[in-house]
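Biologist: I should like a close look at a single part, one side chain and its neighbours, followed by an account of how such contacts are arranged elsewhere. Please proceed from the local picture to the interface.

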Amino acid sequence: MFSPKQLFAGAVAAALLVLPAYAFDFGRPANSDEIKLWDIDVRPDGKGLPDGSGTVRHGKEVFAENCAACHGDNGQGGIKDRLVGGQGTLASDKPIKTVGSFWPYATTLFDYIHRAMPYQAPGSLSVDDYYALTAYLLSLNGILPPDGKLDKETLPKVKMPNRDGFIPDPEFSKVPVPK
Amino acid sequence: MTSRNENVTEPSGEDAFSRRKFLTVASAGVAGTVVTGRAVADTLADVPPREVGADLSGHGERSKFVHLAMLPEAGPGKRNVDPSDAINSKAPLGKLVGTITPTDLHYERSHSGNPDLDPAKHRLLVHGMTRKQLVFTVDDLMRMPSITRTVFIECTGNGWENWKKADPNVTVQNTHGLVSTNEWTGVPLRFLIDLVGKDRRSTWMLAEGADAAGVDRSIPLTEEIMDEAFIAYGQNGEPLRPAHGFPIRLITPGLEGNLHIKWLRRLKFGDQPWMTRWETDRYTQLLANGKAMQFQLRMETNSVITSPSGMMEIRPGYHRITGLAWSGHGKIAKVEISTDEGRTWKQAELNYPVLPKAQTRFQLDWTWDGKPTKIVSRSTDDKGNVQPDRKSFIAQMGTNALFHYNAQQTWAIDASGRVSNVLA
């Protein structure tokens with residue numbers, strides 16, 4: 001169907017006829033300061049994690065204030081997603097998928113609550129608060145000790161209980177590098 | 001045939017008498033007359049005289065006799081909720097004809113509401129493993145070469161009503177209403193890839209929305225996806241509706257609905273998936289052994305009979321069975337229908353044109369003898385994929401997968417002509 005080469009050539013020809021500008025003159029360069037504002041994604045290897053740190057102890061306070069209304073006092077029993085427990089249930093008739101039982105990467109937890117929570121004001125807490133929340137949720141699931149602390153060095157090293165619980169689809173498990 | 005939840009206004013006033021008379025003699029109606037519904041004019045003399053119509057309109061509205069609505073849902077089994085509580089809204093498949101879903105009835109699934117963004121202030125940042133990091137306005141995108149393509153989008157959760165049990169009191173809108181087909185217009189992803197000079201070692205792309213949740217997915221950059229994906233600003237000939245990503249969204253034909261990132265604001269090129277919440281915790285399929293399928297991105301070969309379907313009532317005699325088939329692999333090659341519980345199959349007619357990765361309407365003549373039976377459809381696409389029967393599908397996927405349900409849909413018809421949802 002669509003041929004990129006033809007389209008490309010067509011775009012050049014059209015631009016020459018209509019615009020004095022070069023055919024590639026779409027958009028403008030992004031500067032690094034503004035990219036930083038939006039470049040919030042975090043990978044499993046920790047790339048993208050910001051500076052800062054947070055403790056389980058502080059996370060408990062932040063959670064009570066910002067999260068418990070929807071997720072319950074200890075990350076369960078609330079009106080929204082249960083965050084705690086369920087380990088050992090995935091192969092049962094009633095699997096309970098939580099951060100502790102199902103999520104394969106701790107970096108995903110930081111990335112998600114940092115970008116999307118609290119629901120009504122996503123991204124409104126400090127980076128330290130997000131590290132603390134991450135630490136608290138991991139401790140509720142028995143993955144971090146009660147005196148635990150997280151930062152960009154330690155978070156990627158956390159091994160989640162269900163880390164090996166996923167089977168990548170064969171079609172997309174290895175994407176070839178184009179020639 | 002008629003359905004209990006008719007989408008047509010009850011006639012009133014002077015029509016009432018002839019309507020009652022009609023109902024006693026001929027309420028079976030005519031198959032496929034979704035818009036006109038039951039007839040209430042016994043002779044041509046009953047047809048109202050011609051008269052001058054209303055003023056011409058600045059904005060076209062549906063006939064006052066036609067009632068079409070989506071079904072807002074808060075989760076499996078929590079139906080017809082107030083839209084403010086809904087997490088998705090299902091398209092009325094049983095009341096639609098053809099293949100294009102009306103724009104205002106295209107199913108919705110959003111993770112933090114439907115923002116209505118100011119296009120003058122919206123920006124698309126394209127960066128990462130690229131020679132240039134560029135910011136585009138919506139006007140920039142609209143000045144670029146465009147393509148127009150008709151594709152289905154299907155929520156990965158479509159079909160979730162029937163994973164474990166079949167509620168007999170649901171319609172095809174409940175069972176399959178999280179799929180729709182629209183014509184989309186926008187800029188080929190390839191064009192942006194060339195503009196920014198993607199590093200050839202970049203094999204994955206993160207697409208992120210400007211919704212509150214910043215919904216983001218890692219997209220594998222296969223040749224097929226780089227050839228077919230596009231950034232859409234047009235939907236059925238007009239700018240996108242807010243619910244569908246205004247001012248711009250990603251379209252990835254044939255893949256999970258969640259990949260078609262709405263309110264698109266960022267494309268980042270990388271060399272591995274980011275493992276976002278939406279490709280780990282959600283939209284992964286838990287198998288019976290407790291392991292979960294991940295990056296099962298392609299929507300499988302599927303079909304459903306939309307008429308007769310759940311909650312409708314039919315009379316013995318002639319019917320035209322009709323429905324929709326679709327496949328994320330390509331074009332629908334054939335649809336077969338069984339009217340005897342899967343024992344024998346007949347090939348349905350396909351309405352042309354049959355487009356790749358778009359819904360295709362099928363139809364088949366059928367005379368119902370009035371005995372209880374079950375009807376079921378199965379589709380085959382041009383890559384040879386056959387829609388599985390329920391039993392073999394569940395044997396492979398278990399009943400906890402929650403997403404990617406594409407088993408054959410069976411409708412049971414009892415002796416009174418009532419059609420209901422069953423597992424098989």
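Modeller: Two residues are taken to be in contact when heavy atoms of theirs lie within 4.5 Å. The model is predicted, and what follows is computed from its atoms.

The part I have chosen is Asn302(B), which has its place in strand β18 of chain B. Leaving aside neighbours within four places in sequence, Asn302(B) is in contact with Glu154(B), His176(B), Ala325(B), Trp326(B), Ser379(B), Gln387(B), Tyr405(B), Asn406(B) and Ala407(B). One of these partners, Gln387(B), also takes part in a polar contact, side chain to side chain, with Asn302(B) at 3.2 Å. The relative accessibility of Asn302(B) is 1%, and the residue therefore counts as buried, since the cut-off for that class is under 20% relative accessible area.

Charged pairs come next. Over all chains, the search finds 38 salt bridges. One of them joins the side chains of Arg190(B) and Glu223(B), with 2.6 Å from N to O. This pair links distant parts of the chain, as Arg190(B) belongs to helix α4 (residues 189-196) of chain B and Glu223(B) to helix α5 of chain B, 33 residues apart. Arg190(B) has a relative accessible area of 14% and is buried, whereas Glu223(B), at 42%, is partly exposed.

A further salt bridge connects the side chains of Arg217(B) and Glu279(B), at 3.2 Å from N to O. Arg217(B) is in strand β11 (residues 216-220) of chain B and Glu279(B) is in the loop between β15 and β16 of chain B, so the pair ties together parts that are 62 residues apart in sequence. Arg217(B) and Glu279(B) are each buried.

Helix α5 of chain B appears again in the salt bridge between the side chains of Glu228(B) and Lys357(B), at 3.0 Å from N to O. Here the linked parts are distant in the chain: Glu228(B) lies in helix α5 of chain B and Lys357(B) in the loop between β23 (349-350) and β24 (360-368) of chain B, 129 residues apart. Both Glu228(B) and Lys357(B) are buried.

Aromatic rings form a second group of links, with a count of twelve aromatic pairs over all chains. Trp204(B) and Phe295(B) form one that is tilted, with 5.0 Å centre to centre and 55 degrees between the planes. Trp204(B) lies in strand β10 (residues 204-209) of chain B and Phe295(B) in the loop between β17 (292-294) and β18 (302-307) of chain B, so this pair ties together parts that are 91 residues apart in sequence. Trp204(B) and Phe295(B) are both buried. Tyr283(B) and Phe403(B) also make a tilted pair, at 4.9 Å centre to centre and 55 degrees between the planes. Tyr283(B) is found in the loop between β15 (264-270) and β16 (285-286) of chain B and Phe403(B) in the loop between α6 (390-397) and β26 (410-413) of chain B, so the parts tied together are 120 residues apart in sequence. Tyr283(B) and Phe403(B) are likewise buried.

These last two rings lead to chain A, for ring pairs link Tyr283(B) and Phe403(B) with Trp278(B), Trp103(A) and Tyr112(A) in a cluster. Tyr112(A) also has Arg277(B) over the face of its ring, at 4.7 Å from the ring centre. Within chain A, Lys97(A) is placed over the face of Phe102(A), at 4.9 Å from the ring centre.

As to the interface itself, 72 residues from chain B and 55 residues from chain A take part in the contact. The two chains bury about 5,400 Å² between them, with 61% of that area on carbon and sulfur atoms. Across this interface there are 26 residue pairs in polar contact. On the side of chain B that touches chain A, the largest share, six residues, comes from helix α5 (residues 223-228) of chain B. Ten salt bridges are also found across the interface. Among them is the one in which the side chains of Arg266(B) and Asp39(A) meet, at 3.1 Å from N to O. Arg266(B) and Asp39(A) belong to a network of salt bridges that also links Asp41(A), Asp111(A), Arg115(A), Glu208(B), Asp216(B), Arg265(B) and Lys268(B).

Methods:
Residues are numbered from 1 along each chain as its sequence is written. Chains are lettered from A and ligands numbered from 1 in the order in which they are written. This is a predicted model: local features need pLDDT of at least 70, side-chain atom pairs count only at pLDDT 80 or more; totals for chains, interfaces and linings use all residues. Side-chain values use heavy atoms; hydrogens and water are left out. Rings of Phe, Tyr and Trp (its six-membered ring) pair if their centres lie within 6.5 Å; planes under 30 degrees apart count as stacked, over 60 as edge-to-face and the rest as tilted. Helices (H or I, at least four residues) and strands (E, at least two) are DSSP runs, numbered from the N terminus. Buried means under 20% relative accessible area, exposed over 50%, partly exposed in between (1.4 Å probe, protein chains only). A charge sits over a ring if NZ of Lys or CZ of Arg is within 6 Å of the ring centre and within 35 degrees of the ring normal. Buried area is the accessible area (1.4 Å probe) that two parts lose on being put together, summed over both. A salt bridge is a side-chain nitrogen of Lys or Arg within 4 Å of a carboxyl oxygen of Asp or Glu. A polar contact is a pair of N or O atoms within 3.5 Å; within protein, one must be able to donate a hydrogen and the other to accept it, and residues adjacent in sequence count only if both atoms are side-chain atoms.
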